[in-house]
Amino acid sequence: MKALAKILALAVVASLAASPAFAAGGHEPEKHDWSFNGILGSYDKPALRRGYQVYMEVCSFCHGVEFIAFRNLIDMGLTEDEAKAAAEAVQIEDGPDDQGLMFMRAGRLSDRIPPPFPNENAARAANGGALPPDLSLMTKARPFGPDYVYALLTGYEQAPDDVEIAPGMNYNPFYSGEQIAMFEPLFDGAVFFEDGTEATIEQMAEDITQFLMWTAEPKLDDRKRMGLGVMIFLVILTGMFIAVKRRVWADVH
Amino acid sequence: MDETDSRRNFLYIATGAFATVGGGLAAWPLIHQMNPAADVLALASTEVDLSPLAPGQSITVKWRGKPVFIRHRTPEEIELAQAADPDDLKDFQPDSERVQNPEWLIMVGVCTHLGCIPLGQKDTDAKGDWNGWFCPCHGSHYDTSGRIRKGPAPENLQIPEYVFLDETTVKIG
Amino acid sequence: MADSQDHEHNKMQLKGVMGWVEYRLPWVNLLNNAVGTNYPTPRNLNYWWNFGSLAGLALVIEILTGVVLNMHYVPTAEGAFASVERIMRDVNFGWLIRYVHANGASVFFAVIYLHMFRSFYYGSYKNPRELVWWLGLIIFFLMIITAFTGYVLPWGQMSFWAATVITNLASAVPVVGTDIVQWLWGDFSVGGSLLGRFNSLHYALPVAIVGVAVIHMWALHEHRSNNPLGIEVKGPQDTLPFHPYFTAKDLVGVGVFLLVLAGLVFYAPNILGEPDNYVPANPLQTPNHIVPEWYLLPFYAILRAVPDKLGGVIAMGGSIIILFAVPWLDTSKVRSAKFRPIYKQFFWLFVIDTLILGVVGANAPEGNWIIIGQLATFYYFFHFIVILPVLGWIESPKPLPDSISTSVLGDKKSPEPAE
């Protein structure tokens with residue numbers, strides 16, 4: 001059985017070496033101590049609310065969250081009335097009506113949060129040719145996930161002298177290629193938090209990352225809670241299997 | 001010797017029971033996934049504008065994938081519905097329990113027998129012996145309140161939840 | 001060895017309804033002869049022999065979760081990605097089922113690789129079990145195709161570009177290459193047509209896997225399991241009935257297997273995946289670095305090691321085909337590496353070589369990785385074509401024990417007891 005241990009150890013080393021350590025030119029982001037990390041981790045509800053606010057007041061003018069419906073915001077921690085109000089604040093195209101025409105109506109809980117641009121071409125035209133990506137899955141769609149998003153948002157800096165910045169681009173060492181079309185989106189006091197939290201860049205970046213982790217993995221809390229139960233069950237079951245095996249083999253050893 | 005045997009049996013039975021419970025719990029997600037998903041459950045309501053409907057006219061609207069019959073009843077139909085003899089009704093329900101406003105009958109247009117769509121929405125349709133709706137699949141007759149009068153269907157046509165948002169707008173669901 | 005007379009002798013007699021059914025459809029005796037008290041099993045099997053039953057369990061888990069996922073999946077280029085996200089968000093327990101399915105595939109391959117290395121170490125593929133080995137390799141090949149087609153289904157960036165790169169391999173075929181590629185695609189590029197047929201194959205091939213697995217076990221039951229000593233079973237004193245001894249031992253493996261799978265599913269569900277696959281497929285932009293899932297990395301490394309399109313394809317295909325020849329390339333009369341001191345060293349070198357190939361496959365083909373990949377590829381084939389036959393001729397094995405029972409029960413210093 002030493003051999004088994006040896007193979008497993010080697011396999012682990014190999015898989016670590018094989019993990020995606022290639023942010024292609026981008027600096028490796030620092031590890032952040034997120035509330036949702038770890039075996040017992042879960043989302044920080046007040047941070048999610050603040051992050052949602054930052055998304056709506058800052059990001060949503062360029063970036064969509066196409067997989068999120070207003071009803072989902074209730075799971076996130078908004079009250080039903082708040083979610084309904086948010087839905088009713090937007091106009092959704094519906095139809096066709098009896099005349100065969102499309103019409104606009106107030107949003108409902110079942111509607112998705114509408115994207116800022118009707119299609120990719122419109123988004124590019126409005127953003128100097130760059131496409132602001134949808135953010136629903138951003139924290140799962142990049143190496144280092146939430147750490148990367150946080151580092152990117154807080155990582156804008158003066159370009160080093162030897163780097164020539166292309167027109168319309170901004171310097172950010174964490175971005176692949178280190179030049180990003182998005183200008184620095186956050187500044188101190190960009191939003192006003194009702195819960196009294198001070199809206200520093202770091203605070204807002206942390207909250208929006210928390211929110212975007214939720215949009216990418218809304219079942220994380222369920223998953224970790226269920227996981228604990230399943231693991232405990234399986235540890236007991238495996239223990240019982242070992243006991244059964246010993247009992248069965250007792251008379252032949 | 002006996003004691004060892006019973007201890008051994010206890011261990012086997014306990015392990016078997018524990019594993020069976022685990023297997024049962026593991027089966028639940030595989031079963032529950034077939035129930036309506038969260039996005040399906042969220043698509044619950046439809047609003048309908050009733051203003052174009054004159055008395056004696058009907059429309060069919062789709063709600064949760066099923067047809068909903070909306071009929072602007074004539075005074076005669078209302079009277080007929082209200083005057084029904086309770087003894088004639090297989091599934092007794094007074095008309096007043098089936099409508100919020102007697103002029104408007106709103107019900108799910110699915111026969112309670114085996115799920116066909118009854119006729120009677122168009123003027124030219126067969127309306128059955130009670131001048132309401134008639135299911136051509138197995139010959140169930142419904143009256144002007146959508147109640148089963150004759151045929152194999154066991155229950156009256158189902159009434160969905162709805163509210164009148166104003167005089168001529170109704171929200172179903 | 002038990003022969004057919006033993007079977008008759010041990011036939012279970014059943015009464016009542018069970019007996020009525022058994023008379024017409026002897027399923028209880030079938031099971032009893034296959035995995036029950038009437039299947040004599042070498043008493044010295046160690047835990048390396050658990051991976052067969054675990055592979056079966058993994059296959060069942062994959063089929064159950066897969067059938068269920070397919071109820072919600074939409075196999076069109078427009079709808080696939082969103083339908084997977086709907087499974088993750090809206091379908092009841094959809095996230096759980098999908099994570100079990102995705103990580104289950106990884107664990108399945110891990111189990112299969114350990115199963116194969118077990119066979120290499122103890123010489124399980126040797127006479128008279130060559131066809132058991134062949135059938136296993138056919139299962140392995142079907143698994144690769146199934147896993148690959150399945151990886152394409154979510155229609156993320158990595159799905160799309162993996163499909164593009166791998167189907168383009170067919171263009172290496174001389175003369176008709178482009179025609180074959182177009183036939184695979186059903187289009188002029190990778191798109192909805194390919195996705196539809198991959199979905200169909202991904203659903204159908206596991207049925208074939210089940211069929212071949214049954215034949216694999218049928219062939220196994222003719223000469224029964226090899227064992228850590230690699231010597232023949234000489235009589236009843238060398239065996240134990242499969243049930244309850246090895247059913248109990250297999251259950252321990254099942255517990256550990258489920259713990260590993262649950263650990264991945266609940267605490268690191270995306271660690272074996274690629275972030276790029278959470279970006280919807282974009283035919284106009286290739287990700288910086290295309291990598292297959294970890295279990296295909298060694299083959300990917302072999303593909304890239306040869307600096308020629310057709311040559312790479314041939315090398316990759318050859319790396320699997322050569323496994324079919326292993327029962328004859330290995331000329332040693334002794335099965336178990338326990339008694340082959342030199343082979344044992346080379347076995348571990350081979351294990352390390354495959355791991356190196358895996359690491360090479362995960363890294364961009366630049367700088368030293370190219371030369372390391374070529375050396376490791378060379379050694380992979382060298383192991384089979386040169387080392388295996390030559391070792392059989394020059395190595396002098398240690399003396400074999402007289403029988404399993406004397407080795408296990410008689411000699412306290414036995415190399416590796418059953419436990």
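# A walk from a chain B hairpin to the C–A interface

Start by picking Lys62(B): its bridge partner in S3(B) is Pro67(B). Keep in mind as you click around that this is a predicted model.

Now widen the selection to the two strands around that pair. S2 covers residues 58-63 of chain B and S3 covers residues 66-72, and they pair in the antiparallel sense over 6 bridges. Zoom in on the turn, where 2 residues sit between the strands. Arg64(B) is the one to click in this hairpin, with a positive phi near 50°.

Stay in chain B and select S1, S9 and S8. In that order they make an open sheet of 3 strands with antiparallel pairing. S1 (46-49) and S8 (162-166) are the edge strands, each pairing on one side only. Look along the sheet for its twist: on average, neighbouring strands are turned by 25° against each other, direction ignored. Then home in on S1(B) and S9(B) (residues 169-172), which run antiparallel and are joined by 4 bridges. To find one of these pairings, show Asp49(B), whose bridge partner in S9(B) is Thr169(B).

Next, hide chain B and colour chains A and C separately. Here 54 residues of chain C are in contact with 49 of chain A. About 4500 Å² is buried between the two chains, and carbon and sulfur atoms give 74% of that. On the chain C side, select Arg89(C), Phe266(C) and Tyr267(C): these lose the most area to chain A, together 17% of what that side buries.

How many salt bridges are there between chain C and chain A? The count is 1. Show Asp90(C) and Arg71(A) as sticks to see a salt bridge whose closest N and O atoms are 3.2 Å apart. As for polar contacts, 9 residue pairs count between these chains, both partners at pLDDT 80 or more.

Which helices should you light up on the chain C side? H5 (80-89), H6 (94-122), H11 (242-267) and H14 (341-362) each supply at least two residues to the side touching chain A. H11(C) gives the most, with 16 residues. Colour that side by class and you get 39 nonpolar, 6 polar and 9 charged residues.

For the last stop, isolate H5(C) and H6(C). They pack at about 115°, with their axes 5 Å apart. Show Val84(C), Ile87(C) and Met88(C) from H5(C), plus Gly94(C), Trp95(C), Arg98(C) and Tyr99(C) from H6(C), which make the contact. By class, that contact has 5 nonpolar residues, 1 polar and 1 charged.

Methods: Residues numbered from 1 in each chain as written. Chains lettered and ligands numbered in written order. Predicted model: local features only at pLDDT ≥ 70, side-chain atom pairs only at ≥ 80, totals over all residues. Heavy atoms only, no water. Pairing = 2+ DSSP bridges. Contact = heavy atoms within 4.5 Å. Buried area = accessible area lost by both parts, 1.4 Å probe. Salt bridge = Lys/Arg side-chain N within 4 Å of Asp/Glu carboxyl O. Polar contact = N/O pair within 3.5 Å; in protein donor to acceptor, adjacent residues only side chain to side chain. Nonpolar A, V, L, I, M, F, W, Y, C, P; charged D, E, K, R; others polar. Axes fitted to C-alpha atoms, helices over the stretch in contact; angles between N-to-C directions.
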